[in-house]
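Visitor: I should like to examine a single residue of this protein closely, and then to see how it fits into the whole. Please take me through its surroundings step by step.

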Amino acid sequence: QRSKTAIVPVKKELLPQSDDELVRTSRTIYACNIDKRFTKMDVQAYFEALVVDESIGADGKVARIKMMADSSQKTNIAFVEFCSDESVAYALAKCQGALMGCLPLRVFPSKTPIRTPEEDRVLKEARAAAMFKRY
């Protein structure tokens, strides 16, 4: 069955802007179809419990999470940044279709890093300064 979700290109300014952001993005997954009853702490606990396989070095430790909710949608999405590359690979393999509550998760490699509010502010100021220089 085909997805009813439109594939929207990622805005250029949301893509990694530095080597550090590129590394952080490589350790981040995009998880969707998350029941609205689950909190950020629930999502972190879920992944930290499920994404553990000592034989490959996947410890499941989460560095940060960004939950996003839209009242027009039936489910939430989350960006989950792991502390290790092994945990990301294991999460992508093990969590696709895994039940979180009564809904199957959909997980994908993230195209964007999770930014702090300060990092967002600095990027916005830099874009504004660049736009100002053009005129």
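Guide: The residue chosen here is Asp35, and the structure is a predicted model. Not counting residues up to four places away in sequence, Asp35 touches Cys102 and Leu103. Closer along the chain, the side chain of Asp35 reaches the backbone nitrogen of Arg37, at 2.8 Å. This pair is a polar contact, because the N and O atoms lie within 3.5 Å.

As to its position, Asp35 belongs to strand 1, which covers residues 28-35. The relative accessible area of Asp35 is 11%. Asp35 therefore counts as buried, since the limit for that class is under 20%. In the protein, 30% of the 135 residues are buried.

The wider setting may now be described. The protein contains four helices and six strands, and their order along the sequence is α-β-α-β-β-α-β-β-β-α. Among contacts with a separation of 6 or more, 70% are between residues 24 or more positions apart. The C-alpha trace spans about 55 × 35 × 30 Å along the principal axes of the protein.

Two values concern the protein's surface and its charges. The accessible surface amounts to about 9100 Å², and carbon and sulfur atoms account for 58% of it. The protein carries 22 positive and 18 negative charges, and the mean positions of these two sets are 10 Å apart.

To return to the residue in question, Asp35 is a buried residue in strand 1, with its side chain directed to the backbone nitrogen of Arg37 and with Cys102 and Leu103 in contact.

Definitions and conventions. Residues are numbered from 1 along each chain as its sequence is written. This is a predicted model: local features need pLDDT of at least 70, side-chain atom pairs count only at pLDDT 80 or more; totals for chains, interfaces and linings use all residues. Side-chain values use heavy atoms; hydrogens and water are left out. Helices (H or I, at least four residues) and strands (E, at least two) are DSSP runs, numbered from the N terminus. Buried means under 20% relative accessible area, exposed over 50%, partly exposed in between (1.4 Å probe, protein chains only). A polar contact is a pair of N or O atoms within 3.5 Å; within protein, one must be able to donate a hydrogen and the other to accept it, and residues adjacent in sequence count only if both atoms are side-chain atoms. Contact means heavy atoms within 4.5 Å. Accessible areas come from the Shrake-Rupley method with a 1.4 Å probe; for residues, only the protein chains shown count as cover. Lys and Arg count as positive and Asp and Glu as negative; His and the chain ends are not counted. The place of a charge is taken as NZ of Lys, CZ of Arg, CG of Asp or CD of Glu.
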